[in-house]
Amino acid sequence: MLSRLFAPKVKASAHCDLPCGVYDPAQARIEAESVKAVQEKMAGNDDPQFQTRAIVIKEQRAELAKHHVSVLWSDYFKPPHFEKYPELSQLVNDTLKALSAAKASSDPATGQKALDYIAQIDKIFWETKKA
């Protein structure tokens, strides 16, 4: 009798772990933009202390961008998304690899490559939100 009393009256469902609004590739893009900006600043400053601080910040931001992409992949995108966008798994993998490369490099081209991949994820993400 108690189990019926406390049983949920309404079942809720969502295509993601929480109702929409908590996931957004913009978080990854902002962090990746910071990576590229730091890489550009590193090219114009030879001060060893500046370089050391810049490397720490760049690596932190690259890790944050990787985290945000990974959360989209593991928590937001679901089987119907992967069916509709069969390239999505490879795109996420390529994005994470590009962010790792940018983390290890002072070349802004690596930061731009990561941003280009994130833009592709962003496009797919917003297409899924329309559905």
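A polar contact is a pair of N or O atoms within 3.5 Å; within protein, one atom must be able to donate a hydrogen and the other to accept it. The views below show a predicted model.

**Figure 1. Side-chain polar contact of Ser 105 in the loop between helices H5 and H6.** The loop that holds Ser 105 lies between H5, residues 88-103, and H6, residues 108-130. A polar atom of the Ser 105 side chain is placed 2.9 Å from the backbone nitrogen of Asp 107. Ser 105 has a relative accessibility of 17% and is therefore classed as buried, the cut-off being under 20%. When neighbours within four places in sequence are left aside, the contacts of Ser 105 are with Gln 39, Lys 58 and Thr 110. Val 35 is separated from Ser 105 by 70 residues in sequence, while the C-alpha to C-alpha distance of this pair is 9.8 Å.

**Figure 2. Packing of helix H2 against helix H3.** Helix H2 spans residues 26-43 and helix H3 spans residues 48-76. Their axes are 8 Å apart and form an angle of about 160°, so H2 and H3 run roughly antiparallel to each other. The crossing of this pair is left-handed. On the H2 side, the contact is made by Gln 27, Ala 28, Glu 31, Ala 32, Ser 34, Val 35, Val 38, Gln 39, Lys 41 and Met 42. H3 contributes residues including Phe 50, Ile 55, Lys 58, Arg 61, Leu 64, His 68 and Val 69. By class, the residues of the contact of H2 with H3 comprise 13 nonpolar, five polar and four charged.

**Figure 3. Packing of helix H5 against helix H6.** The axes of H5 and H6 lie 8 Å apart at an angle of about 155°, and H5 is therefore roughly antiparallel to H6. The assignment follows because angles over 145 degrees count as roughly antiparallel. H5 and H6 cross in a left-handed sense. Leu 88, Leu 91, Val 92, Asp 94, Thr 95, Ala 98, Leu 99, Ala 101 and Ala 102 represent H5 in the contact. Among the H6 residues that they meet are Thr 110, Gly 111, Lys 113, Tyr 117, Ile 118, Ile 121 and Ile 124. The contact of H5 with H6 divides into 12 nonpolar, four polar and two charged residues.

**Figure 4. Crossing of helices H3 and H6.** The axes of H3 and H6 come within 12 Å and cross at roughly 30°, which means that H3 is roughly parallel to H6. The crossing of H3 and H6 is likewise left-handed. Val 69, Leu 72 and Tyr 76 of H3 make the contact with Ile 118, Ile 121, Phe 125, Thr 128 and Lys 129 of H6. Six nonpolar residues, one polar residue and one charged residue make up the contact of H3 with H6.

**Figure 5. Surroundings of Thr 128 in helix H6.** Thr 128 counts as buried because its relative accessibility is 7%. A polar atom of the Thr 128 side chain lies 2.5 Å from the backbone oxygen of Phe 125. Apart from residues up to four places away in sequence, Thr 128 touches Tyr 76, Phe 77, His 81 and Tyr 85. Thr 128 and Phe 125 are also among the H6 residues that take part in the contact with H3.

Methods. Residues numbered from 1 in each chain as written. Predicted model: local features only at pLDDT ≥ 70, side-chain atom pairs only at ≥ 80, totals over all residues. Heavy atoms only, no water. Axes fitted to C-alpha atoms, helices over the stretch in contact; angles between N-to-C directions. Helix = DSSP H or I, 4+ residues; strand = E, 2+ residues; numbered from the N terminus. Parallel < 35°, antiparallel > 145°, perpendicular 65-115°, else oblique. Left-handed = near helix turned anticlockwise from the far one by under 90°. Contact = heavy atoms within 4.5 Å. Nonpolar A, V, L, I, M, F, W, Y, C, P; charged D, E, K, R; others polar. Buried < 20%, exposed > 50% of the residue type's maximum accessible area, 1.4 Å probe, protein only.
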